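Colleague: Shall we go through this one together? I would like to hear how you read it.

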Amino acid sequence: MTPPLPELAVIGRSNVGKSSLINAFLGRRALARTSQHPGKTQLCNVFAVDGRFHLLDLPGYGFARASQAQRAGFRRLLTGIVTARSRLAGVLWLLDIRHAPSPDDHAMHEVLGTRGVPVLLVVTKADKLARGKREQYLRTILNALDIEESQCLVTSVRTREGIADLRDSVAALLDASPA
Ligand SMILES: Nc1nc2c(ncn2[C@@H]2O[C@H](COP(=O)(O)OP(=O)(O)OP(=O)(O)O)[C@@H](O)[C@H]2O)c(=O)[nH]1
Ligand SMILES: [Mg+2]
């Protein structure tokens with residue numbers, strides 16, 4: 001029997017660009033459904049990549065218009081995946097380059113720390129900022145989370161910046177995984 005494939009979870013605030021990044025990664029336009037409206041992804045969708053691993057597309061957190069019950073449900077789903085999923089080789093944690101980490105982001109940071117699963121910080125939507133502003137915005141995010149620049153990737157699905165690097169980083173995460 002072939003062993004089950006390792007998994008990488010894609011996590012972040014609602015509308016940060018998780019499903020879009022998965023499509024860019026897969027080289028597909030719309031396999032993972034995206035939307036201008038936050039709250040698009042409502043289930044854990046699993047995408048097999050080259051028969052080597054699974055990418056998990058998850059609902060975003062911090063979506064203000066979701067009901068209390070729905071928010072609690074998403075939180076349980078995310079926490080369960082991050083803390084208890086046995087095949088989890090790592091987490092791609094997405095933050096929008098334009099925004100300092102929110103209280104929800106800080107709460108997720110804490111959850112990610114509890115298991116010590118490898119986390120790659122993926123900063124999204126780099127095309128939305130002028131080049132000259134990037135460094136300052138990136139610094140704000142890294143300082144707020146106390147994360148090294150070497151643990152983060154700046155990306156844009158519009159310009160495809162960082163997507164090739166993301167492939168390399170994902171390969172490295174999987175190579176380092178004991179499973
Ligand atoms: N300009 C720009 N827009 C982006 C980028 N990535 C995503 N978007 C847009 O951001 C919006 C949200 O993208 P999604 O991929 O659906 O975001 P998500 O994180 O999956 O959202 P939920 O499933 O609702 O949590 C869409 O309108 C995307 O086109 C990017 O790199 N640049
Ligand atoms: Mg989505």
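**The ligand and its surroundings**

Modeller: Happily, and please keep in mind that this is a predicted model. An oxygen atom of ligand 1 lies 3.0 Å from an N or O atom in the side chain of lysine 125.

Colleague: How much of the accessible area of ligand 1 does the protein cover?

Modeller: On its own, ligand 1 has 650 Å² of accessible area. The space that ligand 1 takes up is the largest pocket. The share of that area covered by the protein is 92%.

Colleague: Which polar backbone atom is 3.3 Å from an oxygen atom of ligand 1?

Modeller: Two backbone contacts are worth a look here. For glycine 17, a polar backbone atom is 3.0 Å from an oxygen atom of ligand 1. The one at 3.3 Å belongs to valine 16.

Colleague: How many residues of the shell around ligand 1 are polar?

Modeller: There are 22 residues around ligand 1, and Lys18, Ser20, Gly39, Thr41 and Asp127 come nearest. Three of the shell residues are nonpolar and seven are charged. The polar ones number twelve.

**The chain**

Colleague: In what order do the helices and strands of the chain run?

Modeller: The chain holds five helices and six strands. Read from the N terminus, the order is β-α-β-β-α-β-α-β-α-β-α.

Colleague: And why can the chain be called as compact as a globular protein of that length?

Modeller: For 179 residues, the globule rule gives 16 Å. The chain is as compact as such a globular protein because its radius of gyration is close to that, at 15 Å.

Note on methods. Residues are numbered from 1 along each chain as its sequence is written. Chains are lettered from A and ligands numbered from 1 in the order in which they are written. This is a predicted model: local features need pLDDT of at least 70, side-chain atom pairs count only at pLDDT 80 or more; totals for chains, interfaces and linings use all residues. Side-chain values use heavy atoms; hydrogens and water are left out. A residue is near a molecule or strand if one of its heavy atoms lies within 4 Å of it. A polar contact is a pair of N or O atoms within 3.5 Å; within protein, one must be able to donate a hydrogen and the other to accept it, and residues adjacent in sequence count only if both atoms are side-chain atoms. Accessible areas come from the Shrake-Rupley method with a 1.4 Å probe; for residues, only the protein chains shown count as cover. On a 1 Å grid over the protein atoms alone, a cavity is a set of points where a 1.4 Å probe fits but cannot get out, and a pocket is an open set with protein on both sides within 12 Å along at least five of seven lines; lining residues have an atom within 4 Å of a point. A molecule sits in a cavity or pocket if more than half of its atoms lie within 2 Å of its grid points. Ala, Val, Leu, Ile, Met, Phe, Trp, Tyr, Cys and Pro count as nonpolar, Asp, Glu, Lys and Arg as charged, and the others, Gly among them, as polar. Helices (H or I, at least four residues) and strands (E, at least two) are DSSP runs, numbered from the N terminus. The radius of gyration is taken over C-alpha atoms; the globule rule is 2.2 Å times the number of residues to the power 0.38.
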